[in-house]
Structures are given as structure tokens and as C-alpha cells.
Amino acid sequence: MRFRSFHSILDECVEAMRHGSTVESCLSRYPRHAHRLKPLLALAERVRRTPSAQPRPWAQATAWSAVRQRAADLRAGKRRRDPIQVNLGWLKPVALAFAFLIAVGAGGGATAFASQDALPSDTLYPVKLFTEDVHVWLTFDDSSRADLLLGHSDERMQEIATLVSRDEPIPENVLSALRNRNKDAQSIINEHPEETVLLDRSRRQAESQERMLVALWEQIDGAARNEYTSAVAQIHNSRLGGNDATAAVLQPEDLEGGIRTITGTVDAMGDGVWSVGGYEIRVDARTIGALGIEAGSTATFTVGHSNSGRRYALSANLIGSGDPPSQAVVYGEVEEVTNEGVRIAGQLIPLTPETLKKLKIKKGQSIQVSVHRTDEGVVATEVSGGASSFAAGGNRTLVFEGTIESAGEGDSGEWDIGGLTFADTPRTLLDLTGGPAVAGARAIVEAKRSGDKLTAESITILKSAATDGRVYLVGTFEGTRGGGIWVVSGLTMSGSTVAEPEANSLVAINASEADGVLTVERVEVVTGPEDEPLSRFKGTAIAIDGSTWSMEIGDIRVTSTAEISGEPLEGARAIVWYGSNEGVLQARYVHVLDEEPVVAPAEAPSTP
């Protein structure tokens, strides 16, 4: 069934009422929208019954003459120096009726001025969009009109960012408005290729918008998914820059199954389909950034899923030799929020205008921050909510390593790893650098538990020998049940042969698994219930110099007092639980993920 916007339904109802339909009949036709339609249709009915105003002919002629002269001056670039003195008293009844019509078309009866700060979820938002349309209609120069439309497009993204920071769903009206503004601006720019400044602005803007939107799949209101996929496809195709009607374009249906990030090694290429860590991904003329990637390359792909299960690469980013392969993430409690950034474990992580904030950051919150290392230092690319490791109920975090029994397929697949089942969503980051996602491979999952469900935040394939029946996990020890059954971050496991830690301790456990039953063999207490909570960082040991580990977040001290699981190895990935010691990041516990480097050392410069 074809999706219809609320505005098209409203237009149909208003037209039907002009031909004799009643408000009640329209509401019964669209019961889902009845609460929004009822006040607007009642207003339309009042307007329809308002008697027509009959202006005096001489006053009407004088006024329209002045309007036509002013329009001619605007087109000629002239500025008005003296106010035009015209008696417009005759327009008052007409203006009143026209104001009602604007209210009907725009979705509310408030003034345009009051609507300027309206958000897509506000009643006055349609008025805001209407006043923008009027501004565009009264702008006669093409370049100025395109510039104005791009500004309106930026405003839509600001509105989306505000909704995201409030953890509110993104409705279809703002996505529809974004798509329409971008489409109209692109049409003008395509007709004026000489306007290089506008062209450059539109391309940079489209790149930023696509990057933000692809990260927001799960925050799109269900009824807005069609509008979302259309908006993303339109933005992506504008980046491709082709005006030829026969050029390859991304279709909205290519994204209906979700959009996600996959990092891995390209093993085989041919017929437009690449194998990336065992996942088949279509890479063709619609893929941005694929130039230079070849078999053996490591790259990060932004991938759209169709409902039929096909994967389409929207973009590809080649990872160079010596660069960390995956996104580095910090999990911790906010100690301070400043204009410059957010402080976690004593370290200020800068926030930039490009940082996607999925919540309103407050002191004391548990958050997760995706970080990127630049020449100027560490910056945050995304901030979202994080589950507390010490929560006794609700969401609880779990780090779990085991052997893959079956890998998830499609957008809503599930992974069976080490006897547990993990839900795989478009938000799940897949790092397949360590090898293909196949049965028998070793993988580590960072997951949130809610009720009986484990949802994977990230799944990382390890460069490690697969050992059936051996698992490793880090979570919160919640207590015991009868018969020596431990509860760790919601998991039940047999722990009768091992000394029991204190409740609400953060523990690292080596265990065996058989037929879905976990048996504790060794436990390490990372922090006790009275200790200060630690932050957690997942990244790559780019270099190790004694007790100093250089990672994406900066230098972390790993002294002899820190417990290390696995062998320290340059180029290997690791998860570090750490705190701050006099301004220095100090590791308390480190779990090394790989037995071989996943980052090749950078080549030394040749000697002349």
C-alpha cells in the first residue's frame, strides 16, 4: 500500500468538503489522523462559510498597481527608499479570510512569528514551513533562492538534532520538508553549473546530512520510515552528481531493511559484489569512495539493506596501513559538561558541531562516546546513552566472548555465540577485521540486557584460535540463587566451585559452556561494590612503550598493578577498564582481544 503524508490527506479532505462532504465523513475515512484533522477541518468549514469580501474597484486597482511596481523593483534589484502610501483598508476583510486559509494550509491558527521556534512535533510547525515557502516564492533570483533553500535544509537538520538530543522520534513531516528543500535547491543548482560556490556548499551539506541520517535509523518514527528512506536516497543521489536520467541511482527500497556499518577485509570482488568479512555487499556506481579499494584492503562500509536481504554499499572508507580498523568507543559516567566537551574519567573529550548527540548530556549520566583520533587530538563523533554496569535492574551491560555457532543474517538476524543468543540490529557495529563471520570463529560481543533479551551493540571477530566450550565475560555479579547459581548481568551460571564475590562487584569470568549451561572456572574482581565505577574503552593498542599504551583515546598507563587478560600486543584490539590518577588515564583491568595484530605497523621511511 502506498504511503500517504498527512498533508496530502488534509488536502483531499478540504477538497472533498468543498464538494459537500462533512467533517465527520472525512474523520471516519482516516481514523488514525482524526485527532489532527478535526481542528483543521473545522477551521476549513468556517472559512468556507465566510462571505466573500467585495473591495471597491478603485482601491483594489491602486493597491495591485503598487504591488506590481514593487515586484518589478525587486526583480531589478532596487531597494525601496520611501514607503508606499496606499490605502489598503479594503483588504482587511480579505486578509482575515486569507489568514484563515493560511491556517488551514499550514496546520494551525497561530502567527508566523510565533512559529519560528516550532519543532516538528509542535502544532505551529506547519506555519513555520509555510512562512519559509512564502519567503522562497518572493525571492526571484535563482542563486538567492537556492541559497535560501539550502539554509532551510540546514534548519531541518538542526530540528532533527534537537529531537534526537531529547530522545524523541523523528516524524515524517520534517523528513518530507528536508527532502523537498534539498530537491528544489538541487534543481536550481543543476541549471546553474557556473555557481561553483553553491555547488560546493550543497555537496558538503549533503555529505554531512547523509552521515547524520544514516546513524538515526532506530530513532525514526515507524510511520516515517518511507519518508526517511526517500530523504536518504535523495541526498545520496545528489552526492553522486549525475544529471543523466540513465545514471545509476539509489532507490528508497534499497534501504528499507535498515542501514548499518560494517568493517572488514575485502576478500573477493567480481560482478559488482564484494565479500567483506564473509558478508556479500554490492559495490557499484552508487557507492561513494570505493576507488582504490582492492582485494586484501581493509575498509569501513556504510551498507543499506533491502527487504529482500540484498546489501548495497552507500559509501566506503579505505583504512590505511597502521590505522585502527574499527570505531573506538568510551563508556563512562559524565563528570562535567562544558562548552568544549564532556569529561569522563578526568579526560575532556571535545564535542564539535559535527558531533551527533543522541541525548541531552548531563552530569552523572552513563553515556557512550564514539571517538576519533585526529592530528589535533581526540574528538567525539557520536554521544548516546549507555547502560550502567552496576544497574541492579533494567538495562545491564555485558561483555561476552565465545565461539560463533551461527552468524546473524539480514537486518533482524540473531547470532548464537558461546551458548547465548544476541539480537543483531542496524545499530550493531560489525567489525569483521579479524576474519569472516562464520561458525567456528571467535567473537566478542558488547551487549545490553533488557529483561530476557540480549541486544548486541557491537560484534567483533577476533584474530584468535577458536576454542569450543570456552567463554569469557565481564559483567556485574548480582548475587546467587539456590544450588550455587550465580547471576551476572542477568545471566545464570553455575559457580558452586568458586569463591563468591560481593554483590554488585564488576567481575571478569572464565567459564566453560556445554548445551547452553555456563560453569564458572575462574573469577577476577575488577571493582568491588564500594569502589569508584570505572570507565570502559574499546580500541586498538597502536603502540606499547613499557607501561604506556598508545590508543585512539590517547595514552593509557598499564602498570604492574593492572590485571591483564591475554598477551600485550601492538596492533591488537583491547578493552580497557580504567580511571583517572592525577589527570593520567590509569588501567585497572585489560582484556586483549587478538592473538595477532590487526593493525600492520606503518612502514618506516626509506633511507636515501
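Contact means heavy atoms within 4.5 Å. The model is predicted: local features need pLDDT of at least 70, side-chain atom pairs count only at pLDDT 80 or more, and totals for chains, interfaces and linings use all residues. Residues are numbered from 1 along each chain as its sequence is written, and side-chain values use heavy atoms, without hydrogens and water.

**Exercise 1.** Place Thr 287 and list what it touches.

Solution.
- Start with the location: Thr 287 sits in the loop between strand E3 (279-282) and strand E4 (298-305). Strands (E, at least two residues) and helices (H or I, at least four) are DSSP runs, numbered from the N terminus.
- Next, accessibility. Thr 287 has a relative accessible area of 10%, so it is buried (under 20%; exposed is over 50%, partly exposed in between; 1.4 Å probe, protein chains only).
- Then the contacts. Neighbours within four places in sequence aside, Thr 287 meets Arg 282, Ala 313, Leu 314, Ser 315 and Ala 316.
- Finally, the side chain of Thr 287 reaches the backbone oxygen of Ala 313 at 2.7 Å.

**Exercise 2.** Find the phi of Asp 167 and state whether the residue is buried or exposed.

Solution.
- Phi of Asp 167 is near 60 degrees, a positive value in a non-glycine residue.
- For reference, most residues other than glycine have a negative phi.
- Asp 167 belongs to the loop between helix H7 (142-165) and helix H8 (172-191).
- Its relative accessibility is 58%, so Asp 167 counts as exposed.

**Exercise 3.** Repeat the analysis for Asn 504.

Solution.
- Asn 504 is not a glycine, yet its phi is positive, about 70 degrees.
- The loop between strand E19 (491-494) and strand E20 (505-514) holds Asn 504.
- With a relative accessible area of 33%, Asn 504 is partly exposed.

Definitions and conventions. A polar contact is a pair of N or O atoms within 3.5 Å; within protein, one must be able to donate a hydrogen and the other to accept it, and residues adjacent in sequence count only if both atoms are side-chain atoms.
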